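Here are a few notes to read alongside the structure, written for someone meeting it for the first time. Keep the view open and follow the points in order.

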Amino acid sequence: MKDEQKLKGINTRTFLIGTLLCIALAAGFWFVRAQGANLTPEGLRSMLMSLGIWGPITLILALAFLLVIPLVPATLFQIGAGLAFGPLPALVYTMICLLYTSTVVLWHAHLLAMPSRYVSY
């Protein structure tokens, strides 16, 4: 009984923190859009090209963020990557991001999973 209450409290707290984080991210996205950010493939291409060596790293981090919390379609960033870096490097950067994101999501799912009495670890 005590363990069930403890798990319920953790899940409620996690839910509240996640909800607040999503609201904060949505507000940040709205603020960026209100400032006149150009979220088109051509706009992303020019932004990534202007970042120089930091362009691929920024692309990987932005795609990782968008695949976990989809505020805008990730396809927009993938097309922008293809325009900025060419098809093969964009494919490599996207695959690196997908591998990283799937690993993080799987780890979070394992971390937040409730223990079962039918499965032993």
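1. Let us start with Phe29, which sits in helix H1, residues 2–34. In this predicted model, Phe29 has a relative accessible area of 27%. Buried means under 20% and exposed means over 50%, so Phe29, at 27%, counts as partly exposed. Now look across to Leu71: Phe29 and Leu71 are 42 residues apart along the chain, yet their C-alpha atoms are separated by 7.7 Å.

2. It helps to step back to the whole chain here. The secondary structure comes to five helices and zero strands, and from the N terminus on the elements run α-α-α-α-α. Of the 121 residues, 21% count as buried. The chain exposes about 9000 Å², and carbon and sulfur atoms supply 72% of that area.

3. How much of the contact pattern joins residues at least 24 apart? Among contacts between residues at least 6 apart in sequence, the share is 69%. The pair Phe29 and Leu71 gave you one long step along the chain to look at, with their positions 42 residues apart.

4. Next, please turn to helix H2, residues 41–50, whose buried residues are Pro41, Gly43, Leu44 and Leu48. Why do they belong to the same side of H2? They cover an arc of only 160 degrees around the axis, and that puts them on one side of the helix. A general point is useful here: an α-helix has 3.6 residues a turn, so residues three or four places apart point the same way. The cover over the buried residues of H2 includes helix H3 (54–68) and helix H4 (74–85).

5. The opposite face of H2 is worth a look too. Turned away from the buried side, this face carries the exposed residues Glu42 and Ser50. Ser50 has a relative accessible area of 58%, and is therefore exposed. The C-alpha atoms of Ser50 and Ala84 are separated by 10.0 Å, with the two residues 34 apart along the chain. Just after H2 you will meet Gly52, which takes a positive phi of about 65 degrees.

6. On to H3, which has 15 residues. From its first C-alpha to its last, H3 reaches 21 Å, close to the 21 Å expected at 1.5 Å a residue. Which residues of H3 are buried? They are Gly55, Pro56, Leu59, Ile60, Leu63, Ala64 and Leu66. What covers them includes H2, H4 and H5.

7. Two residues of helix H5 make a nice contrast: Thr94 and Leu88. Thr94 has 10% relative accessibility and so counts as buried, whereas Leu88, at 60%, counts as exposed. Leaving aside neighbours within four places in sequence, Thr94 is in contact with Leu63 and Gln78. Leu63 is one of the buried residues of H3 you met above.

8. Finally, try colouring the nonpolar patch on the surface. Leu67, Leu88, Leu91, Val92, Met95, Ile96 and Leu98 make this patch, which covers about 600 Å². Which helix gives the patch its largest share? Helix H5, residues 87–112, contributes six residues. The exposed Leu88 from the previous point is one of the residues that make the patch.

Methods. Residues numbered from 1 in each chain as written. Predicted model: local features only at pLDDT ≥ 70, side-chain atom pairs only at ≥ 80, totals over all residues. Heavy atoms only, no water. Patch = residues over 30% accessible without salt bridge, like charges linked within 9 Å, V, L, I, M, F, W, Y side chains within 5 Å. Areas by Shrake-Rupley, 256 points an atom, 1.4 Å probe, with all protein chains shown as cover. Salt bridge = Lys/Arg side-chain N within 4 Å of Asp/Glu carboxyl O. Helix = DSSP H or I, 4+ residues; strand = E, 2+ residues; numbered from the N terminus. Buried < 20%, exposed > 50% of the residue type's maximum accessible area, 1.4 Å probe, protein only. Contact = heavy atoms within 4.5 Å. Arc of directions from axis to C-beta. Expected span 1.5 Å × (residues − 1).
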